[in-house]
Amino acid sequence: MTNVEARPVLELSGVGKEFGAIRALHDVDMHVLPGEVIGLMGDNGAGKSTLVKIIAGNFRPTHGEIRFAGDAVHFNRPVDARAVGIEVVYQDLALADNLTAAANVFLGRELKRRFGPLALLDHKAMAARALELFGELRSETRPDDLVRQMSGGQRQAVAIARTRLSNARLVMMDEPTAAISVRQVEQVLGLIHRLKEQGVAVMLISHRMPDVFAVCDRVIVMRRGEKRADKPIHETSPEEVTALITGAKEAA
Amino acid sequence: MAMPLESPITFSNVGRIRWWQRGIFASQTGYVLLALAVLLVIMHFASPYFFTEGNMQNVAKNFSFIAIATLGVTFVIITGGIDLSVGSMMCFSAMIASMVMTELSAPGSPLVHMAADGKTVLANVPGLILLMSILAGLGVALVVGLVNGFCIAVLGLSPFVTTLGMLSIVRGLGYVVSNGRGSFPGGPDADYFYALTSGDVLGVPVPFIYLVILALAMAVVLHHTAFGRHVFALGGNEKAAELTGIPVVRVKIEVYVICALAAGLQGIIISGWLGSAPANMATSYELNVIAAAVIGGANLAGGIGGPLGAIVGCVLLEVIRNGLVLAQVSSYWQQTLVGVIIILAVLVDRIRSRMT
């Protein structure tokens with residue numbers, strides 16, 4: 001499935017994070033290959049979110065090094081991570097619900113047309129591109145509808161469509177299937193496959209075991225701020241992963 | 001799991017929202033506009049004087065006197081902020097503008113050189129003193145706006161507290177620079193000044209013309225530029241705006257600067273109409289301005305608002321005021337009624353959003 005010779009798109013070595021006296025993350029080593037889908041699992045407080053936020057540039061790690069496509073990177077803000085090609089779909093989706101779907105997809109990177117000294121929004125082009133993206137996601141979402149009036153699945157589609165605008169090389173999804181219908185879960189998993197086909201690495205943070213086993217190549221289990229397992233999906237089982245998450249099994 | 005890409009998307013489960021349930025038809029601005037139309041019809045039958053040319057000019061002029069500042073404060077309200085310092089700002093800008101105008105025109109002022117004919121050098125260029133004094137008035141507004149924006153966006157102070165403090169600071173500065181006496185536009189350019197602020201063009205009061213131009217500019221900025229979109233995004237979900245890389249701090253500072261400049265310009269225009277800038281000018285105008293914005297549909301929680309709503313709110317307030325005068329109702333009722341309308345307007349919108 002995965003190309004073992006390929007250079008990792010993301011490499012973490014010895015990454016740790018402390019908040020005052022609390023050790024949220026300790027000595028995490030991991031790598032992600034292009035086109036690989038990694039399931040990141042763990043109970044609440046296991047350090048998943050902290051890890052994701054470090055990779056996304058929300059926090060700076062206290063220890064360790066992050067390499068992206070071979071180069072050491074230091075992110076001060078989420079924008080820095082995005083600039084190199086890391087996109088995040090946040091659990092609360094980070095949508096402005098007073099704006100339309102298209103406006104949200106293009107938020108912060110609006111398409112403009114020049115009229116002399118004025119740069120005005122190119123509403124047509126943005127709506128057309130957004131409709132294309134929603135089509136790819138098989139989501140019945142109209143670009144000019146307000147996000148406020150949308151279903152959970154449509155909101156998810158808007159948030160995911162946003163990551164497809166740039167040429168992201170790593171997309172991290174925080175619980176993308178937590179709040180949507182069964183049919184839409186299929187769509188989201190389908191999208192993850194599509195990202196993979198295009199060589200985009202995906203990190204799926206999820207509590208839903210079936211989803212992780214349906215799309216992931218490899219699963220990483222976190223517990224108490226440490227990486228406890230890092231296994232190809234076909235060498236493990238939902239039972240083993242559950243045991244690792246709860247601590248019934250210490251490491252694998 | 002391969003997905004066919006080429007087949008076009010169909011909307012089998014997602015209906016299109018009807019035209020009368022979206023856009024202006026489903027907004028508070030729409031309802032208030034309707035209420036205003038009804039009110040105008042009632043006024044027409046209630047008083048024969050209402051639709052006379054003189055009265056219409058009067059109404060247009062009066063609502064223009066708060067509407068420009070309302071446009072400015074609407075920017076701030078859309079981002080979810082508030083600016084309470086607009087009333088003081090109007091006074092201070094007007095005062096600085098007229099003081100600079102008088103100062104630059106006065107022979108013997110230490111700042112200006114005398115020409116051979118006994119006038120100051122600046123006075124020999126028509127309009128130059130006027131230009132400099134208006135720029136001075138707007139300049140102090142710019143500084144106040146920057147300070148407001150800096151405290152709110154960079155230091156993270158609450159907009160309410162910051163601008164409440166600024167209300168007092170700016171009003172106080174107005175008393176300090178004028179010794180509480182107020183100031184008058186003077187010198188050779190005073191006539192230009194009056195023509196530009198309280199004159200009319202073909203029967204249309206000039207403040208109304210400025211208002212229309214600024215409102216159109218605001219509509220373009222809000223709906224057709226990236227800045228406008230970011231203003232709405234900030235009010236809708238500030239965290240999302242931050243995460244998507246919108247320069248939140250810069251946008252916030254910019255809206256407070258816009259608001260202060262609008263208030264400053266408004267103050268300068270009012271002083272032209274009054275013929276002076278007294279130190280207690282525009283006291284508590286911030287309440288009228290914010291009330292007009294809210295009646296017109298700007299949401300204090302952020303994310304909603306626009307120039308049409310701002311103007312509709314101002315017109316409604318002025319028509320009611322004018323109507324009460326024509327109906328010979330004691331003008332003390334005015335404030336009470338304005339309060340009732342604020343609550344009614346918001347209530348109607350709440351009922352509507354419950355129903356859908």
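In the predicted model, the axes of helix α8 (residues 226-236) and helix α10 (residues 248-274), both of chain B, come within 10 Å and cross at roughly 100 degrees. Since angles of 65 to 115 degrees count as roughly perpendicular, α8(B) and α10(B) are therefore roughly perpendicular to each other. On the side of α8(B), the contact is formed by B:Phe227, B:His230, B:Val231 and B:Leu234, which meet B:Val248, B:Val251, B:Lys252 and B:Val255 in α10(B). Sorted by class, the residues of this contact between α8(B) and α10(B) comprise six nonpolar, one polar and one charged.

Helix α8(B) also takes part in the contact between the two chains, to which chain B contributes 27 residues and chain A 30 residues. At least two residues of the side of chain B that touches chain A are supplied by each of α8 and α9 (238-243) of chain B, and α8(B) gives the most to this side, with six residues. In terms of class, the side of chain B that touches chain A has 16 nonpolar, nine polar and two charged residues.

Elsewhere in chain B, B:Thr102 is found in helix α3 (residues 86-105). With 18 other C-beta atoms within 10 Å, B:Thr102 is partly exposed, because a residue counts as buried if 20 or more such atoms lie within that distance and as exposed if 12 or fewer do. When its neighbours within four places in sequence are left aside, B:Thr102 is in contact with B:Ser183, B:Phe184, B:Gly186 and B:Gly187. The C-alpha atoms of B:Thr102 and B:Ser133, which are 31 residues apart along the chain, are separated by 8.8 Å.

Notes:
Residues numbered from 1 in each chain as written. Chains lettered and ligands numbered in written order. Predicted model: local features only at pLDDT ≥ 70, side-chain atom pairs only at ≥ 80, totals over all residues. Axes fitted to C-alpha atoms, helices over the stretch in contact; angles between N-to-C directions. Helix = DSSP H or I, 4+ residues; strand = E, 2+ residues; numbered from the N terminus. Parallel < 35°, antiparallel > 145°, perpendicular 65-115°, else oblique. Contact = placed C-beta atoms within 7 Å. Nonpolar A, V, L, I, M, F, W, Y, C, P; charged D, E, K, R; others polar.
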